[in-house]
Amino acid sequence: MTERKFLEFLIELMDTDSNLQFETKLADVEEWDSLSYVAFLASIAKFVERRIEPEKVKSAVTVRDLYNLIN
Amino acid sequence: MWKEVTFDYSQHNYVVVGASSGMGRDIALKLADAGANVLTIARNKERLSELHDYYPEKIMIGALDVLKASNEDWRKLFDNFIGKVGKCHGGVYTAGVGGISSLRGFDAEVAHKIIDTSLYGMIGFLSNFVKKKYVISGSSFVVFSSVAAYEGQKGGMAYSAAKAAVTISVKSIAKEICRDKHRINSISPGWVESDLTHNSIIKNSTCSYENMLALHRLGKGTPEDVSGTVLFLLSDAARWITGTDVIVDGGYLLGID
């Protein structure tokens with residue numbers, strides 16, 4: 001998935017209007033709540049074949065960390 | 001109308017799904033009468049046009065079949081509406097179909113249609129509509145359940161299942177959307193005169209219509225007996241109510257003496 005598409009996907013998933021960038025810390029995004037990370041896992045499964053471990057998503061600090069999980 | 005209560009929804013915008021008939025239609029009319037801009041969504045464009053003619057400045061229409069609509073279909077209607085009137089203050093989902101479903105002579109297609117219209121159609125609507133770009137924070141959503149969610153009528157297993165699913169899923173949804181101060185509640189009407197109940201009289205011979213009506217201690221319901229509660233739930237007088245079901249049934253669920 002391209003970087004741009006990933007950002008769009010994440011913004012849509014979280015329904016955030018904050019200016020999300022790859023360096024953005026997830027902890028700073030109000031909408032990255034307990035539901036977001038399971039919703040991320042569920043939706044990303046449509047685009048990625050291999051299984052992403054929930055612990056890896058939980059321990060992601062920045063948006064780029066999330067992106068690196070799927071690429 | 002109601003004697004002691006007058007609603008003022010001027011400068012407010014709402015979407016009503018299933019507005020071409022029955023309770024949905026009355027809700028759309030009452031909202032427009034109270035000054036709101038209303039996007040009415042249903043399959044039947046003709047019936048929606050009649051609604052539009054009552055309040056041409058206030059009621060906008062959008063034809064969509066909740067069973068077939070894609071995410072893009074929903075969003076196109078919302079983009080168009082929001083583009084004209086600004087963000088919305090809530091939405092009402094009233095679409096539902098009835099039908100007999102029993103173990104004997106089970107028709108899977110009918111059963112799926114019943115559940116898809118009441119439950120999945122509602123989810124399709126909400127998952128596309130409850131977004132920052134369409135609704136302001138603190139919006140209120142009302143969806144339709146039924147007294148059928150509380151009792152299993154003979155021959156009504158799919159309808160009861162669908163409506164029970166609606167009331168319980170409302171609680172999950174309430175937990176999800178409260179982060180934006182949104183509220184969602186369901187409403188469970190008893191027997192109200194509408195296309196749905198009219199068709200059910202014709203096709204249903206599993207229980208006595210007279211007996212069922214007699215249990216409605218305050219008489220048969222009209223759409224206006226129910227729409228008042230919906231408008232209340234949409235209002236800030238209900239600002240501390242979320243994740244619950246309001247039974248509006250003329251005393252039906254009280255059962256026999």
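In this predicted model, the side chain of Thr117(B) reaches the backbone oxygen of Lys113(B) at 2.6 Å. Thr117(B) belongs to helix H4 of chain B, and it counts as buried because its relative accessibility is 6%, under the 20% limit. Leaving aside neighbours within four places in sequence, the residues in contact with Thr117(B) are Val66(B), Leu67(B), Tyr93(B), Ala95(B), Gly96(B), Val97(B) and Met122(B).

A second side chain that engages the backbone is that of Asn44(B), which is placed in the loop between S2 and helix H2 (45–54) of chain B. A polar atom of this side chain lies 3.1 Å from the backbone nitrogen of Glu46(B), and the backbone nitrogen of Arg47(B) is 3.0 Å from a polar atom of the side chain of Asn44(B). With a relative accessibility of 31%, Asn44(B) counts as partly exposed. Although Asn44(B) and Leu64(B) are separated by 20 residues in sequence, their C-alpha atoms are 8.3 Å apart in space.

**Nonpolar cores**

The largest nonpolar core comprises 31 residues, and Val15(B) and Phe78(B) have the most contacts inside it. Two or more residues of this core come from each of strand S1 (13–17), strand S2 (37–42), helix H3 (71–85), strand S4 (88–93), helix H4 (108–129), strand S5 (135–144) and helix H5 (157–177) of chain B. Phe78(B), when residues up to four places away in sequence are not counted, touches Val15(B), Leu39(B), Ile41(B), Gly83(B), Phe125(B), Asn128(B), Phe129(B) and Tyr134(B). Another core, of 30 residues, lies apart from the largest one and includes Ala28(B), Leu31(B), Ala36(B) and Val142(B).

**The interface between the chains**

Between chain A and chain B, 8 residues of chain A are in contact with 6 residues of chain B. The area buried between the two chains is about 630 Å², and carbon and sulfur atoms give 33% of this area. Of the area that chain A buries against chain B, 66% is supplied by Glu12(A), Asp15(A) and Leu35(A), which is more than any other three residues supply. Across this interface there are 4 salt bridges, together with 6 residue pairs in polar contact, counting pairs in which both residues are at pLDDT 80 or more. The side of chain A that touches chain B is made up of 2 nonpolar, 1 polar and 5 charged residues.

**Salt bridges**

Over all chains the count of salt bridges comes to 15, including the four in the following table.

| Pair | Closest N to O distance |
|---|---|
| Glu12(A) and Lys131(B) | 3.0 Å |
| Arg75(B) and Glu12(A) | 3.0 Å |
| Lys30(B) and Glu224(B) | 2.9 Å |
| Asp180(B) and Lys132(B) | 3.5 Å |

Glu12(A) thus meets Lys131(B) and also Arg75(B). The pair of Arg75(B) and Glu12(A) crosses between the chains, from helix H3 of chain B to helix H1 (residues 3–14) of chain A. Arg75(B) is buried, with a relative accessible area of 19%, whereas Glu12(A) counts as partly exposed at 34% relative accessibility.

The salt bridge of Lys30(B) and Glu224(B) links distant parts of the chain, since Lys30(B) is in helix H1 (residues 22–33) and Glu224(B) in helix H8 (residues 223–234) of chain B, 194 residues apart. Lys30(B) counts as buried at 9% relative accessibility, while Glu224(B) is partly exposed, with a relative accessible area of 26%.

Asp180(B) and Lys132(B) form a salt bridge that ties together parts 48 residues apart in sequence, because Asp180(B) lies in the loop between H5 and S6 and Lys132(B) in the loop between H4 and S5 of chain B. Asp180(B) counts as buried at 15% relative accessibility, and Lys132(B) is buried as well, with a relative accessible area of 18%. Both residues take part in a network of salt bridges that links Glu31(A), Asp33(A), Lys132(B), Arg179(B) and Asp180(B).

**Positive phi angles**

Most residues other than glycine have a negative phi. Gln11(B), a residue other than glycine, has a positive phi, near 65°; Gln11(B) lies in the segment before S1 of chain B and is exposed, with a relative accessible area of 70%. Lys181(B) likewise has a positive phi near 65°; its place is in the loop between H5 and strand S6 (183–189) of chain B, and it counts as exposed at 61% relative accessibility.

Conventions: Residues are numbered from 1 along each chain as its sequence is written. Chains are lettered from A and ligands numbered from 1 in the order in which they are written. Side-chain values use heavy atoms; hydrogens and water are left out. Contact means heavy atoms within 4.5 Å. Buried area is the accessible area (1.4 Å probe) that two parts lose on being put together, summed over both. A salt bridge is a side-chain nitrogen of Lys or Arg within 4 Å of a carboxyl oxygen of Asp or Glu. A polar contact is a pair of N or O atoms within 3.5 Å; within protein, one must be able to donate a hydrogen and the other to accept it, and residues adjacent in sequence count only if both atoms are side-chain atoms. Ala, Val, Leu, Ile, Met, Phe, Trp, Tyr, Cys and Pro count as nonpolar, Asp, Glu, Lys and Arg as charged, and the others, Gly among them, as polar. A nonpolar core is a set of buried Ala, Val, Leu, Ile, Met, Phe, Trp, Tyr and Cys residues joined through side-chain atoms within 4.5 Å. Buried means under 20% relative accessible area, exposed over 50%, partly exposed in between (1.4 Å probe, protein chains only). Helices (H or I, at least four residues) and strands (E, at least two) are DSSP runs, numbered from the N terminus.
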